[in-house]
Amino acid sequence: MAKPAKRAVKKSVPAKKAPPKKVAKPVKSPASRGPTSAEKGRFTLYGFATSGPTYTAALMLSLCKHPFSYIHVNLREGSHKQPDYLVKNRYGQVPALRDGQTVIVQSAAILMHLSESLGKFDAKTPLERHRVREWLFWQWDKLSVPVFRLRQRARGQRQFGDEVRIMYDTEAKAALAVLELELAKAEWVVGKKPTVADVGIYGVLRYASEANIELGHYPHITAWKKRFEELPGFATPEQLLPMESRLI
Ligand SMILES: N[C@@H](CCC(=O)N[C@@H](CS)C(=O)NCC(=O)O)C(=O)O
């Protein structure tokens, strides 16, 4: 009779210890690390809480996720016409932006400076750069003037009669019709991504309702406004502009 086959007995071999895994230290990308002290000290914005142009500059810094100190210039007390402020802004207006040793004024120039120096919300080609400049000049020429004048009237800061009100209202509507046509063709004002042209225009249209302008009549502008408000770093004037200075 054949012997029954021995059952193979598995010898237990002590498991080799795996060498400890090298865990790479996470490298913080510039976007994920906190601001350095040099970044914190770089920008100081001088402005006033209800000023649209001040909001535009603050909004751009916020969208670029760049910290900044904020100095409240009390327009009601005439601080913007005092010698210590006029050396920063010869036009006696807010905003002004200090970038290191340089002070830049005029909100559109501030936007362009920030986009060029931070490389964000900038144009991607020479032609786009040209278009961005066009829109920023257009915005001040055709959009800001009627919207801000109507807002000032509604806030009791400027008095003019119905005839002038109707004139500004007509001008605002004509400008909005131009923008509506453009935004029917593309998601952003210039190119495939948001640029400072969008920031500048948004900084005006934020106040449309205060100027009694109904943006609901412009579906493409309404959709663009919503898209813009979903951008990372977006913040409202109330979130960005206190009625006092804020140093960081
Ligand atoms: N074009 C200027 C306009 C600035 C502006 O109108 N600022 C207003 C406050 S919203 C101001 O300082 N007004 C006082 C004044 O003009 O005397 C800019 O974009 O910076």
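Where does N212 lie? In this predicted model, N212 belongs to the loop between α7 (196-205) and α8 (219-229). Its phi is near 60 degrees, a positive value in a residue other than glycine. N212 has a relative accessibility of 63%. N212 therefore counts as exposed, because exposed means over 50%.

The protein chain has 248 residues, and buried residues make up 43% of them. There are 9 helices and 4 strands in the chain. From the N terminus on, the elements run α-β-α-β-α-β-β-α-α-α-α-α-α. The order thus opens with a helix, followed by a strand.

A ligand is bound to the protein chain, and it sits in the largest pocket. The residues around the ligand are S51, P53, L75, H80, K81, G92, Q93, V94, P95, Q106, S107 and W140. By type, this shell divides into 5 nonpolar, 6 polar and 1 charged.

Three side chains of the shell place polar atoms beside polar atoms of the ligand. In Q93, a polar side-chain atom lies 3.0 Å from an oxygen atom of the ligand. In S107, an N or O atom of the side chain is 2.6 Å from a ligand oxygen atom. In Q106, the partner is a nitrogen atom of the ligand, and the distance is 2.7 Å. Taken alone, the ligand exposes 520 Å². The protein buries 74% of that area.

Two residues of the shell also have notable backbone geometry. One is P95, which is among the residues around the ligand. A cis peptide bond joins V94 and P95, with omega at about 5 degrees. V94 is also listed around the ligand. P95 is placed in the loop between α3 (83-86) and β3 (96-99).

The other is Q106, whose side chain makes the 2.7 Å approach to a ligand nitrogen atom. Q106 has a positive phi of about 75 degrees, although it is not a glycine. Its place is in the loop between β4 (102-105) and α4 (107-118). Is Q106 buried, exposed or partly exposed? Its relative accessibility is 39%, so Q106 counts as partly exposed. This value falls between the cut-offs, because buried means under 20% and exposed means over 50%.

Two aromatic residues, F160 and Y168, show how parts of the chain are placed in space. F160 lies in the loop between α5 (126-154) and α6 (162-183). Its relative accessible area is 16%, so F160 is buried. How far apart are the C-alpha atoms of F160 and R149? They are separated by 9.5 Å, and the two residues are 11 residues apart along the chain. R149 falls within the span of α5 (126-154).

Y168 lies in helix α6. Y168 is buried as well, because its relative accessible area is 14% and buried means under 20%. The C-alpha atoms of Y168 and L150 are 6.9 Å apart in space. In sequence, Y168 and L150 are 18 residues apart. L150 falls within the span of α5 (126-154).

Conventions:
Residues are numbered from 1 along each chain as its sequence is written. This is a predicted model: local features need pLDDT of at least 70, side-chain atom pairs count only at pLDDT 80 or more; totals for chains, interfaces and linings use all residues. Side-chain values use heavy atoms; hydrogens and water are left out. A residue is near a molecule or strand if one of its heavy atoms lies within 4 Å of it. A polar contact is a pair of N or O atoms within 3.5 Å; within protein, one must be able to donate a hydrogen and the other to accept it, and residues adjacent in sequence count only if both atoms are side-chain atoms. Accessible areas come from the Shrake-Rupley method with a 1.4 Å probe; for residues, only the protein chains shown count as cover. On a 1 Å grid over the protein atoms alone, a cavity is a set of points where a 1.4 Å probe fits but cannot get out, and a pocket is an open set with protein on both sides within 12 Å along at least five of seven lines; lining residues have an atom within 4 Å of a point. A molecule sits in a cavity or pocket if more than half of its atoms lie within 2 Å of its grid points. Ala, Val, Leu, Ile, Met, Phe, Trp, Tyr, Cys and Pro count as nonpolar, Asp, Glu, Lys and Arg as charged, and the others, Gly among them, as polar. Helices (H or I, at least four residues) and strands (E, at least two) are DSSP runs, numbered from the N terminus. Buried means under 20% relative accessible area, exposed over 50%, partly exposed in between (1.4 Å probe, protein chains only).
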